[in-house]
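User: I'm new to this one. Could you take a close look at a single part, the place where two helices pack together, and walk me through it?

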Amino acid sequence: LAAADDADVREHLDRERALVELRQKLRAEPGETPAREREQCHRRRDHHRASAQRPREQRRVERLRRAHDAGHEVLLHMPMEPLGSADPGPGALTTNLQPGEIKARLEKALAGFSGYDGVNNHMGSKFTTDRARMAVVMETLGERGLYFLDSRTNPASAGETIARESGVLAASRHVFLDNDVKPEAVRDKLQQAIALARRDGSAIAIGHPHPAVLKVLAAELFEL
């Protein structure tokens, strides 16, 4: 999930904090917790969630800490050059940069928060196809023990391939949840991701925390 409005994320994280407290209670007092609560807790642990944050939004570092403390993995949502004329934002990695500048920009973005678990690309439909420059990214991630999640904004992305060649843990997105932010469309995409996970054992869905997305996730994930 990328950055959202404070109220939406606050409500979402408050719910997650309650789940973490319940899990801690289960570990400490397994015999004193009602079976229904225990079943709900274990069911909720089966779906893994991660939050991604763009580096220019450092005023929201406290939000990142809250997500981290709630048990989520936190990813840097790193701006990368797209095809076309869209602006990926300040500090973006672009194909006209030399390796030293790519590394410097990425390290500067990572320095904004100490608890990142990995990196994924914001935009990047052009940059992620440049094998040489993606290799610089993976070198930097490898030095820090971070993984790479490829949003696959371009089917020709070399991100996951270069990561694995560099010894960096990596995975790629299977489903975008919110190309259409109508609740029924988001629900359909979520069901598509669930079907893939049941067929293949796992699936990665990426979405932005629009109010509709958060409401669908809150309603549907707890029923899995």
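Analyst: Here is a walk through that helix pair, with a short stop at an aromatic pair afterwards.

First, some ground rules: this is a predicted model, where local features need pLDDT of at least 70, side-chain atom pairs count only at pLDDT 80 or more, and totals for chains, interfaces and linings use all residues. Residues are numbered from 1 along each chain as its sequence is written, and side-chain values use heavy atoms, with hydrogens and water left out.

The two helices are H7, residues 183–200, and H8, residues 211–220. (Helices are DSSP runs of H or I, at least four residues, numbered from the N terminus.) Their axes sit 9 Å apart and pack at about 50 degrees; axes are lines fitted to C-alpha atoms over the stretch in contact, and angles run from 0 to 180 degrees between N-to-C directions. That makes H7 and H8 oblique to each other, since under 35 degrees counts as roughly parallel, over 145 as roughly antiparallel, 65 to 115 as roughly perpendicular and the rest as oblique.

So who touches whom? On the H7 side you'll find Pro183, Val186, Arg187, Leu190 and Gln191, and they meet Ala212, Val213, Val216, Leu217 and Glu220 in H8 (contact means heavy atoms within 4.5 Å). Sorted by class, this contact has seven nonpolar, one polar and two charged residues; Ala, Val, Leu, Ile, Met, Phe, Trp, Tyr, Cys and Pro count as nonpolar, Asp, Glu, Lys and Arg as charged, and the others, Gly among them, as polar.

As for the aromatic stop, Phe113 and Tyr116 are both buried, meaning under 20% relative accessible area, with exposed over 50% and partly exposed in between (1.4 Å probe, protein chains only).
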